[in-house]
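Here is an informal walk through the model, chain by chain and then through some charged pairs. Keep the viewer open and follow along.

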Amino acid sequence: MGIIVNGLLFAGAAFALFPLLWMLAASFMAPGEASTYPPPLLPAHPTLANYRELFAHAGMGRYLANSILLAAAATALSLVFNVMAGYAFAKLHFRGRERLFRLMLGALVIPGQIAMVPLFLMLKHMGLVDTYGGVIVPALASIFGIFLVRQYALSIPDDLLEAARIDGASEWKIFGAVVVPLLKPIIITLAVFTLLGTWNDFMWPLIVLSDQNLYTLPVALASLSREHVQDNELMMAGSVLTTLPVLIVFLALQRYYMQGLMMGAVKG
Amino acid sequence: MIGSERVARSRRRAGRRQVAWCFVAPALLVIAVFFVLPVVAALAISLTDFDIYALADLSNLRVVGLRNYVELLQRPLFWKALGNTFYFVAAGVPLSLGASLGAALLLNSKLARFQSFFRTALFAPVVTTVVAVAVIWRYLLGTRYGFLNYALSSVGIAPIDWLGDPRFAMPAIILFAVWKNFGYNMIILLAGLQNIPNELYEAARIDGASAFARLRFITLPMLAPILSIVAILTIAGYFQLFAEPYVMTQGGPLQSTLSVLYLMYEEGFKYWNLGSASAVAFLLFLLIFAVTLLQTRAARGRFAR
Amino acid sequence: MSSGSTGRRATSVAGPPQRASPAPAGVSEVAKRRAWAVAQLALALVVVAGLLSSCSRHASNVTTIRFWAMGREGEVVTALVPEFERAHPGVRVVVQQLPWTAAHEKLLTAFAGDSTPDIAQLGNTWIPEFVALGALSPLDARIVKSTVDPKDYFSGIWDTNVVGEHVYGVPWYVDTRLLFYRRDALEAAGIHEAPASWTGWVKALAAIKARAAPDHYAILLPLNEVEPLLALALQQPDPLLRDGDRYGNFESDGFRRALAFYVDMFRRGFAPPITASQMSNVWTEFGRGTFAFYISGPWNIGEFERRLPAELQNTWATAPLPGPSGPGASIAGGSSLVVFRESPVKDAAWQLVEYLSRPDIQLRFREMTGDLPPRRSAWRDPALANDVHARAFRDQLERVKPAPKVPEWERIADEMRNVAERAARGQWTVDEAVRELDARTDRILEKRRWLLARASRD
C-alpha cells in the first residue's frame with residue numbers, strides 16, 4: 001500500500017515538475033536542438049548562448065531589474081495598507097465594521113477585469129499611464145490581503161491589547177510595538193503572496209506600460225514570444241529567468257506561505 | 001455603572017473609533033477609488049456605445065440603455081464564448097478538484113515519505129508565471145516535436161494537433177490550467193484533512209472499517225464544508241478564464257478557446273468598443289453571482305439536514 | 001491588480017467576530033494627524049516613484065524622437081539611425097519595436113492613454129482609423145516643401161495615405177501579394193508559363209495536384225491570412241462596401257465570385273485547410289515541394305533566397321496575380337510613416353520621415369529587409385531593376401487597389417477571415433457565408449452610418 005501511495009505521489013510530482021525541468025534543460029540547448037524528433041530530454045552540449053543572447057541583445061537585465069523594483073515597491077507599500085486595515089477590522093471597533101467587511105468579501109466575486117478599462121481611462125487623467133505609479137497604485141490595497149490579516153489578527157489576545165491600553169499607550173504605539181511582531185507570520189505570508197502576484201502579473205502592466213524600457217519580465221517575455229516564434233530555446237531561457245526568482249523566494253519562504261493558506265482555511 | 005464613568009467610557013470609545021478609521025482609511029480609499037469607482041463606471045459605460053469614435057470626441061457618445069446587452073445576447077460569438085467557458089468549468093473544475101483532493105489525500109497518508117518535498121513539488125506550478133509556462137506548454141503540445149505526442153505515440157496514438165485542431169485546443173487548455181492550479185486547492189484541502197481528529201480513524205479501524213470505508217464515511221463528510229467552499233471559489237475563478245487562452249491560443253483555433261473574458265478583452269482593448277466590453281463583463285459577473293448563489297444555497301441546504 | 005492564472009481566490013469565509021472588552025484608552029490629536037501623515041507620505045512616495053519613472057524627454061538640449069516600428073523593420077531601422085543623428089546633431093532617435101500581432105492594440109492603447117510616440121510605422125490600412133481618432137498630423141504642408149515627391153510614388157500606394165482631402169502618411173515600403181511558385185513543378189505538369197488568368201491558374205493547380213503525393217498540395221492558402229481572399233475580391237469590379245461605405249457589399253456578384261473561387265481551392269483539395277502555424281516551416285515545405293504555389297509578399301524573396309538550398313534557387317519564381325480575365329489587381333499594402341498630432345517634436349520627426357524617404361536610404365533599407373521601395377525612382381536602380389524576382393512586383397504595383405478607407409476596416413477584415421475560414425472548412429456554403437459577412441459588416445458600420453447621418457443633418 002505504501003508503495004502505491006508513494007508511487008502515485010512520485011508520479012504526481014513528476015507531472016508537476018516535468019515541464020519546469022524540461023524548460024531548464026531546453027534553455028541550455030543549442031538553437032534548433034529542441035526541434036528534433038524524438039524530442040531531447042537533455043542538451044547534448046550545454047551552452048549558455050541563449051542566456052548571453054537574452055542579456056546582450058534582448059535587454060533582459062533591465063527587465064529583471066524592473067521586475068525586482070516593481071515587485072519590491074508594490075509589496076512594501078501594500079503591506080502597510082493591508083496590515084493596518086486587517087488589524088483594524090479584527091481588533092479595533094468602528095461603526096459598521098462587520099457589515100463593511102462582509103460587503104468587501106462579497107466584492108471578491110466581482111471579476112477584476114470589469115474595472116480594467118475605466119481604471120485605465122482614470123489613470124490617463126491622473127497622468128499615471130506608462131508609469132510604475134499606474135501599475136502599483138491600483139494594487140496598493142487588496143480585499144484578500146485585508147481578509148488574510150484580519151483572520152490571523154483575530155487570534156491576538158485581547159487582554160494583551162487591553163493591558164497596553166491601560167498602561168496609557170496610544171493605538172499607534174500598540175500597533176507598532178505589540179501587534180506587528182505578533183503578526184509577523186501573516187505579514188511574511190502576505191508579503192510572499194503579494195510579491196508573487198506582482199511579479200507574475202502581466203496583463204495590467206502590459207496595458208499600462210507602453211515604453212519598452214519600463215517592461216517587466218513577464219511583459220517582455222509575452223512580447224518576445226510573439227516575435228520569436230521559432231526560437232524556442234531562447235524562449236525557454238527567458239522563461240527560466242522569469243520563473244526562477246519567484247521559485248527561489250517561494251522555496252525559501254514556503255513554510256510561511258503554506259501555513260498562511262492553511263490557517264486561513266482552518267479559521268473559517 | 002456611574003453616569004460619569006459611562007460618559008467617559010463612551011468618549012473613549014468614540015476616540016478609539018476615530019483611530020480605527022485612520023487605520024482603515026488608506027486601504028478603503030484605494031479600494032473605493034481604484035476598484036469600486038471603475039466598476040460603477042463600467043456599469044455606466046455599458047449603457048452607452050462608447051467606442052473609438054467617442055474616444056476621439058466625446059460628443060460621438062450615445063446613451064443606448066440596454067442595447068449592448070440585447071445585441072450581445074443575440075450575437076452567436078457571445079454564446080460560443082459562453083459555451084467554451086462552460087465547457088472549461090464543467091471539465092476543468094472536477095479534474096482540478098479531483099487532482100487536488102487526490103494529492104491532498106496522498107500527502108496526508110501516514111504511508112507517505114518525503115512529505116515536504118512532494119508537497120513543494122506539487123505546489124510549484126502555482127507560483128510560476130503563466131506567460132513563462134505557457135511558452136513551455138506550447139512547445140510540449142507541439143504537433144511534431146512535442147513531448148505529449150511523443151509519449152502518446154509510444155502507446156500507438158497518432159500525433160494530435162493540440163493547439164491547431166478546434167476539437168483539442170480546449171482540452172489542451174484544460175490540461176494546462178489543471179496543471180497550473182491544482183496545487184493551490186491541494187494545500188487548503190490538506191489543511192482540512194489535518195484537522196480531522198485521529199480518534200475518529202482509530203475508532204473506525206478498531207471497528208474493522210476498510211480504508212475505503214474510512215474515506216467514505218469519515219474523511220469526505222468531515223471535509224465536506226471546506227470542499228464545498230473550495231468548489232464554489234474554484235468555479236467562480238474558472239469562469240474568469242483568460243490568461244491561458246490569451247497566451248497559448250489567442251482564442252483560436254476557430255474561436256474554440258474564446259472565453260467570455262477574452263471576448264471582453266478583444267472588444268475592449270482590441271476594438272475599443274468599451275460599451276460592449278463592459279456589458280460582457282457585467283453579464284459574466286451576473287452569471288458568476290447567480291451560480292455562486294445557487295451553490296451556497298445548495299450547500300447550506302445540505303448542511304442544514 | 002492580479003491577473004495571473006485563473007482560479008486563484010480567497011479560501012474561506014469570515015469567522016465569528018470576537019468582542020474586545022471595553023477599556024479606557026486615549027486618542028490624541030497628534031496620533032490622528034500622524035496617521036494621516038503616514039497615509040499621505042505613502043501616497044506621495046508612490047506618486048513620486050511614478051513621476052520619476054516617466055522621465056522628461058527634453059533633458060538638456062537633446063531632442064528625443066520616439067519611433068515605434070514593427071517586426072523586422074523595427075529590428076533593422078536602428079542601423080539607419082546613427083547616420084541621421086550625425087546629420088542632425090542634438091537629435092536622438094529612440095526606436096521601440098512592437099510585434100505585429102500586438103502593434104494595433106498597443107497603438108490604440110497608447111492613443112487612449114495619451115502616450116503615443118512621435119513617429120510610427122503604421123500599416124496603411126490603419127491610417128483611416130487613426131485619422132478618425134484625430135491622432136495623426138496632416139502632412140500636406142510639409143510634403144510640399146520637402147524632397148518627398150508624391151508623383152514619384154506608385155499611385156495606388158500613395159492613395160492609401162490620403163483620407164478626405166489631406167495626406168496623413170508617407171509610404172515607407174510597399175507590400176503586395178502575388179504568386180510564388182515552383183517552376184519545375186509546373187514544367188513537370190506540362191505548363192511552361194505562369195498562369196495569367198483564373199482559368200489558366202485552375203488548370204495549373206489541377207495538373208499539379210493530379211501528379212502530387214497524397215499529403216502534398218498544389219497551393220498553400222493559410223486560413224489565418226485574409227490577404228489572398230482580399231486580393232481576389234479587389235480584382236472584382238464591385239466594391240467591397242456600398243453607399244458611401246455605409247453597408248457591406250459582400251452579397252454582390254463580384255465578391256461571391258471571389259469567395260467561390262477561393263473556397264473551391266479547398267473543396268477540390270488544391271489547398272490544405274490549415275493555418276500558417278500548423279505548417280511547421282513554410283520555407284522548408286516549399287523547398288520539399290509540399291505545395292507549388294504560395295501567395296505572399298516581397299519579404300519572402302529574401303527569405304527563400306536565404307533559407308532554400310543553393311540547388312533549389314533556380315526552381316522558384318514570382319509572377320503577378322492572375323485575375324478573372326487576365327493579369328489582375330492585388331492589395332495595396334505596405335506601411336507608412338506617420339507623425340502624431342500630440343508629439344512635441346513634430347518638426348524633428350518630419351525630418352526623420354524625409355530622411356527615411358530618400359531613394360538611396362530606401363534602397364539600403366531594402367538590402368536589409370527585402371522590403372520594396374514605394375518610389376519609382378528607387379526602382380530604376382540596377383540592384384532592383386536586375387532582380388529577376390522583384391520584376392513581377394514592379395509589374396503588380398501598377399495594378400494595386402486599396403481596401404475601403406473606413407476606420408472599421410480592420411474589424412471587417414477580421415470578420416472576412418473568420419467567415420472565409422468557415423466556408424473553406426465546409427461549414428458554410430458561399431451563400432450563407434456572404435450573407436453572414438454582410439450582416440456582420442452592417443452591424444460594425446452602424447455607428448459610422450449614424451455619424452454620417454448626423455453630420456449631414458448639421
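Of the 305 residues in chain B, 57% are buried. Bear in mind that this is a predicted model, so treat what follows as computed from that prediction.

What is chain B built from? Its secondary structure comes to 13 helices and 0 strands, so if you read along the sequence you just get one α after another: α-α-α-α-α-α-α-α-α-α-α-α-α. The radius of gyration of chain B is 25 Å, where a compact globule of 305 residues would have one near 19 Å. Along the principal axes, the C-alpha atoms of chain B fill a box of roughly 85 × 80 × 35 Å. Among its contacts with a separation of 6 or more, 67% are between residues 24 or more positions apart.

On the outside, chain B exposes about 12,600 Å², and 66% of that comes from carbon and sulfur atoms. Its charges are 26 positive and 13 negative side chains, with the centres of the two sets 12 Å apart.

Now for chain A. This one has 13 helices and 0 strands, and from the N terminus on its elements run α-α-α-α-α-α-α-α-α-α-α-α-α. Its C-alpha atoms fill a box of roughly 75 × 65 × 30 Å along the principal axes. Chain A has 268 residues, and 61% of them count as buried. For contacts between residues at least 6 apart in sequence, 72% join residues at least 24 apart. The accessible surface of chain A is about 10,000 Å², with 69% belonging to carbon and sulfur atoms. As for charge, chain A carries 15 positive and 14 negative side chains, and the centres of those two sets lie 12 Å apart.

Next, the charged pairs. Side chains of opposite charge can pair when their charged atoms come close. How many salt bridges turn up over all chains? A search of the whole structure finds 39. Here are some from chain C:

| Acidic partner | Basic partner | N to O distance |
|---|---|---|
| C:E83 | C:R364 | 2.8 Å |
| C:E303 | C:R307 | 2.8 Å |
| C:E398 | C:R394 | 2.9 Å |

Take C:E83 and C:R364, which form a salt bridge. The pair links distant parts of the chain: C:E83 sits in helix 3 (residues 81-87) of chain C and C:R364 in helix 15 (residues 359-369) of chain C, 281 residues apart. C:E83 has a relative accessible area of 27%, which makes it partly exposed, and C:R364 is partly exposed too, at 33%.

The bridge between C:E303 and C:R307 is a local affair. Both residues are in helix 13 (residues 299-307) of chain C, and because they are 4 residues apart there, about one helical turn separates them. Is C:E303 buried or exposed? At 12% relative accessibility, C:E303 counts as buried, while its partner C:R307 is partly exposed at 46%.

For the third pair, C:E398 is partly exposed at 42% relative accessibility, and C:R394 is partly exposed as well, with a relative accessible area of 27%.

Finally, look where chains B and C share charges. Which residues are linked in a network of salt bridges? From chain B come B:D49, B:D51, B:R62, B:R67 and B:E71, and from chain C come C:E446 and C:K447.

How values were computed
Residues are numbered from 1 along each chain as its sequence is written. Chains are lettered from A and ligands numbered from 1 in the order in which they are written. This is a predicted model: local features need pLDDT of at least 70, side-chain atom pairs count only at pLDDT 80 or more; totals for chains, interfaces and linings use all residues. Side-chain values use heavy atoms; hydrogens and water are left out. Helices (H or I, at least four residues) and strands (E, at least two) are DSSP runs, numbered from the N terminus. The radius of gyration is taken over C-alpha atoms; the globule rule is 2.2 Å times the number of residues to the power 0.38. Buried means under 20% relative accessible area, exposed over 50%, partly exposed in between (1.4 Å probe, protein chains only). Contact means heavy atoms within 4.5 Å. Accessible areas come from the Shrake-Rupley method with a 1.4 Å probe; for residues, only the protein chains shown count as cover. Lys and Arg count as positive and Asp and Glu as negative; His and the chain ends are not counted. The place of a charge is taken as NZ of Lys, CZ of Arg, CG of Asp or CD of Glu. A salt bridge is a side-chain nitrogen of Lys or Arg within 4 Å of a carboxyl oxygen of Asp or Glu.
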